[in-house]
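Please open the model in your viewer and keep the sequence panel beside it, so that each selection can be followed in both places. The tour goes from stop to stop, with something to select at each one.

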Amino acid sequence: MESNGVTPRPNSNSNRPEALTGTEVTIASTNHITSNGAPHGRLVPTTTKTCIPLVFHEPHVETGFRQTDQPWTYYLFSLFQIHNECMNVWTHLVAFFVILYRCWSFSFEFDFIHDPYMWPLGAEFLTTFLLYAFSSGAHCFSNKSELVHYTCFIVDYCGIGLYGLGSSIAHYWYCMHEDIFGTFPHRFAAPGGVLLSSLVCFCCSVSKTFYKRPYPFTRRLWQIGSVMAIYAWLIFPILYQLYLFLFHNYWEPSLADHFSQMFWFFLGGFFFGSDIPQRFFPGCFDFVGHSHQIFHVCIMMTSYTQLDAVYKDIQKGRQELYATEAPTFWGTYGAVLIGLCINFCIGVVFYNLSKRKIADEKQQ
Ligand SMILES: [Zn+2]
């Protein structure tokens, strides 16, 4: 039996496979038995690493895996079960509602629909929602089957790319110093963001589809390289603010919040890439404290502090902003729509590649 913090039910069913040990949470009560040996209406117990296919393994995680090939509702209800993806789902669900609350509170001051000058901020909110919705969904349903697993994370990468796009649009409209307003980077903010957003989706999907566990380090390069490319693009206006501070002693009030955003982003990257702390204590952080959970919290803090910074920049530069040419639909919401369509097409391609990969592996 796994010790998950929930009292396990007595194993009264002799048909139940040996592997099915662990946590059960009752969602209804009947006495029928499913093919997995769990009573209908009850969540199937979690299992150990040795009892699930290789694709679902996580480095240094030993227990708390959900069973595959269960109904969709099982994975939905597993939100209320203790398993090794539970915190990954909840961290970004909480982040989704935190950002929703911020959007609601901003909406009293800014009009995201009728005021084109607030469309860049609206685009940032929209992509942040997509990021958290796609991420929570991916972690929630990823254990259903191998194909669903690949598809879920391709969708997750699409969300990461789009969040980079939304951040680029907001930074280039609100955080850009007037010196470079109207220059090439400013004009190219949205198309550059779309391009790099698709690059993130493509490269991360390659890293998921073309590599097998245990993953080599080159796989990380596909992920880190593409994410750093879009981050370099979106952070350029902030770096220019930093340059003005260092060489011209010009301090923007928002700079402290931008630094905070950068700190959380790089801290998240550190936990994402390092597998700390579980690499030192395999099996001890299967449920709480795993590096991917810490990474999720860091990303939540990144988006939260980013909104603080953007808000201060809007407040300070409002007059200058409204004196410029207004943002266009295709440079804001439209760019997000185009990014979504391109990433959807990339997703379809990798969905088919994953399907073929799974079929090939079954034939071998
Ligand atoms: Zn994640």
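What follows is a walk through a predicted model, with a few residues or a helix to select at every stop.

**Stop one: the metal site**

Begin by selecting the zinc ion together with H139, H292 and H296, whose NE2 atoms coordinate the zinc ion at 2.1 to 2.2 Å. If you then look for these three histidines in the sequence panel, you will find that the donors follow the spacing H-x152-H-x3-H along the chain. Because H139 sits in helix α3 (residues 119-141) while H292 sits in helix α9 (residues 291-316), the pair ties together parts that are 153 residues apart in sequence.

Are H139 and H292 buried or exposed? H139 has a relative accessible area of 3% and is buried, and H292, with a relative accessible area of 19%, is buried as well. The value for H292 is worth a careful look, because buried means under 20% relative accessible area.

**Stop two: helices α3 and α4**

Stay with α3 and select the whole helix, which is mostly covered, since 18 of its 23 residues are buried. At 1.5 Å a residue, its 23 residues should span 33 Å, and if you look at the C-alpha atoms at its two ends you will find them 32 Å apart, which agrees.

Next select helix α4 (residues 146-175), where the same kind of check can be made: its 30 residues should span 44 Å at 1.5 Å a residue, and the end C-alpha atoms are 42 Å apart, which agrees. Colour the helix by accessibility if your viewer allows it, and keep in mind that α4 is mostly covered, with 25 of its 30 residues buried.

**Stop three: aromatic rings**

Now turn to the aromatic side chains, among which 33 aromatic pairs are counted. Select F112 and F125, which form an edge-to-face pair with 5.6 Å from centre to centre and 65 degrees between the planes. F112 belongs to the loop between α2 (86-106) and α3, whereas F125 belongs to helix α3, so the pair ties together parts that are 13 residues apart in sequence. Both F112 and F125 are buried.

For another pair, select F210 and F350, whose ring centres are 6.2 Å apart and whose planes are at 50 degrees, so the pair is tilted. F210 lies in the loop between α6 (189-209) and α7 (217-248) and F350 lies in helix α11, so this pair ties together parts that are 140 residues apart in sequence. The two partners can also be set side by side for their accessibility: F210 counts as exposed at 53%, and F350 counts as buried at 3%.

Before leaving the rings, extend the selection around F112 and F125 to F96, F97, F106, F110, F129 and Y311, because with these added you have one aromatic cluster.

**Stop four: loops and backbone details**

Which residue is joined to P277 by a cis peptide bond? The partner is I276, and omega is about 15 degrees. P277 is placed in the loop between α8 (255-274) and α9, and D275 is also placed in the loop between α8 and α9. Select D275 and inspect its backbone, where phi is near 60 degrees, a positive value in a residue other than glycine. D275 is buried, with a relative accessible area of 12%.

Another residue to inspect in this way is D69, which has a positive phi of about 60 degrees although it is not a glycine. D69 is found in the segment before α1 (72-77), and at 59% relative accessibility D69 counts as exposed.

Then move to D111, which lies in the loop between α2 and α3 and counts as partly exposed at 32% relative accessibility. From D111 to G122 the distance is 8.7 Å, C-alpha to C-alpha, and the two are 11 residues apart in sequence.

**Stop five: a patch on the surface**

Finish by showing the surface and selecting F329, W330, L337, I338 and I342, which form a nonpolar patch there with about 460 Å² of accessible area together. One of these residues, I342, lies in helix α11 (residues 333-363), and I342 is partly exposed, with a relative accessible area of 33%.

How values were computed
Residues are numbered from 1 along each chain as its sequence is written. This is a predicted model: local features need pLDDT of at least 70, side-chain atom pairs count only at pLDDT 80 or more; totals for chains, interfaces and linings use all residues. Side-chain values use heavy atoms; hydrogens and water are left out. Donors are N, O and S atoms within 2.8 Å of the metal (3.2 Å for Na, K and Ca); water is not among the atoms, so sites may look incomplete. Helices (H or I, at least four residues) and strands (E, at least two) are DSSP runs, numbered from the N terminus. Buried means under 20% relative accessible area, exposed over 50%, partly exposed in between (1.4 Å probe, protein chains only). The expected span of a helix is 1.5 Å times one less than its number of residues. Patches are made of residues with over 30% relative accessible area and no salt bridge: like charges are joined within 9 Å, nonpolar side chains (Val, Leu, Ile, Met, Phe, Trp, Tyr) within 5 Å. Accessible areas come from the Shrake-Rupley method with a 1.4 Å probe; for residues, only the protein chains shown count as cover. A salt bridge is a side-chain nitrogen of Lys or Arg within 4 Å of a carboxyl oxygen of Asp or Glu. Rings of Phe, Tyr and Trp (its six-membered ring) pair if their centres lie within 6.5 Å; planes under 30 degrees apart count as stacked, over 60 as edge-to-face and the rest as tilted.
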